[in-house]
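Let's take a stroll through a protein model, one piece at a time. Keep the picture open as you read.

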Amino acid sequence: MREFAFEMALCATLESENEIRDGGSENGNSGTIVSRQLGASTSGRRVLDVLTVTPGPAFDTRTQITAQSIPDAAIAADVGVGRARFWKDCFDCHPDRARAAVNRALEIGFFESERRNGRTYIRQTARYPDWFGSLRAIENKPDLDRPGDLQSQLRTDVSLAVCDEVILATASYVTGAHLNRIPEQVGVWRFDPETGTREVIREPERLSSGPGIEILEEQPDRTKITVVSHKEKRRLRRRLAERAYGKGWRVEFPACPHVENTDIAGVDGIPYCARKERIVRPADACDCPSGHDADGHSAVDLDAIRETHSPWVRSPTTITTKQTEIGRFSEPYTSSRSEKSLR
């Protein structure tokens, strides 16, 4: 099976566990957040196939702020919910990054602004909560006979330890030789994407919460590394959790009349092409004789499907503060017009 289809099946199966945990409720709030293809290193060299986020006690507070990912620079900025502050005094980063963070935070409702003497002042609409618990990284390798950089990837995940657990998911029969080639801290699942069944070959070990070691480059005679402090790891964990909350794991449907909404383990929102007889990516070209149908799948509401099967909240309604002058920040801060609007 193609790795993309394997990944879709695994994500659907993991999300289906929410309904089992919540007794089949329409919107369970004790399930996990499932996401995929997220950067998980300080250098940008490592991308996780799948990430699961376990909500913490303050999860409900997080769902009330926004359905989108909140920029990390906005969270880390010295911006509170009380007195509004001049935006330039709130950030310890490049001005362009600060502008972009303010723009996005205003757009999604995490910040609100006011103008005083031609200057922009900002404050948070709600305190950012410590909303998530554990993070679990899953590396997908359906065929262990073609491992690629599997060993190096898993060594990086274990040494950096930005996630609490690391799992290898495969469709292959797992031998002792396979287990000996990967770090002993990594758990192993044998997963059947056709049936959604999963066999635990080895349980994962809990990884260290202290400083991590990120492997940047490996050569036969040397390995280049960098030490990632506990503070940096905490910020990277928060960024991962935020991206997972806003992004989820589903993909847009290709504009093709033969692509239909299918389900795995009772969880739908997966594009299946009846003509190709497989799950397809958004970028898969349509070479159908009947041509494209750009509006053919407008009825597939992926956000509604995600809200049904996960604890993610599509339309928060409990934030009571009023957003002011959001319109002036609706364009990215890359043009001269935007530069003039934020002073």
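## Two paired strands

Start with strands E1 (residues 33-39) and E2 (residues 47-55): 6 bridges join them, and they run antiparallel. For one pair you can pick out by eye, go to Leu38, whose bridge partner in E2 is Leu48. Strands of a sheet pair through backbone hydrogen bonds, either parallel or antiparallel.

How many residues of E1 are buried? The count is 5 of its 7, so strand E1 is mostly covered, where buried means under 20% relative accessible area.

## The whole protein

Time to zoom out, and a quick reminder: this is a predicted model. The protein has 9 helices and 14 strands. Of its 343 residues, 48% count as buried. On the outside, the protein exposes about 16900 Å², and carbon and sulfur atoms supply 44% of that area.

What about contacts along the chain? Take the contacts with a separation of 6 or more: residues 24 or more positions apart account for 66% of them.

## A small open sheet

Now look for an open sheet made of 3 strands, in the order E12-E13-E14, with antiparallel pairing. Why is one side of E12 and of E14 left without a neighbour in the sheet? Strand E12 (259-264) and strand E14 (278-279) stand at the edges, and each has a single partner strand, so one side of each stays free of a sheet neighbour.

Between E12 and strand E13 (residues 267-273) there are 6 bridges, and these two strands run antiparallel. Within this part of the model, Asn261 stands opposite Pro271 in E13. Helix H8 (residues 302-309) packs on the sheet, where it touches E12 and E13. The direction of H8 makes about 140° with that of E13.

## A buried serine

Next, hop over to helix H1 (residues 3-21), where you'll find Ser16. Is Ser16 buried or exposed? Ser16 counts as buried because its relative accessibility is 12%, and the cut-off for buried is under 20%.

Who are its contacts? Leaving aside residues up to four places away in sequence, Ser16 touches Ala265 and Val267.

## A nonpolar patch outside

Finally, check the surface. Ile213, Ile225 and Val227 form a nonpolar patch there, and together they have about 250 Å² of accessible area.

One of the three, Ile225, lies in strand E11 (residues 222-228). With 45% relative accessibility, Ile225 counts as partly exposed, because that class sits between the 20% limit for buried and the 50% limit for exposed.

Definitions and conventions. Residues numbered from 1 in each chain as written. Predicted model: local features only at pLDDT ≥ 70, side-chain atom pairs only at ≥ 80, totals over all residues. Heavy atoms only, no water. Patch = residues over 30% accessible without salt bridge, like charges linked within 9 Å, V, L, I, M, F, W, Y side chains within 5 Å. Areas by Shrake-Rupley, 256 points an atom, 1.4 Å probe, with all protein chains shown as cover. Salt bridge = Lys/Arg side-chain N within 4 Å of Asp/Glu carboxyl O. Helix = DSSP H or I, 4+ residues; strand = E, 2+ residues; numbered from the N terminus. Buried < 20%, exposed > 50% of the residue type's maximum accessible area, 1.4 Å probe, protein only. Pairing = 2+ DSSP bridges. Contact = heavy atoms within 4.5 Å. Axes fitted to C-alpha atoms, helices over the stretch in contact; angles between N-to-C directions.
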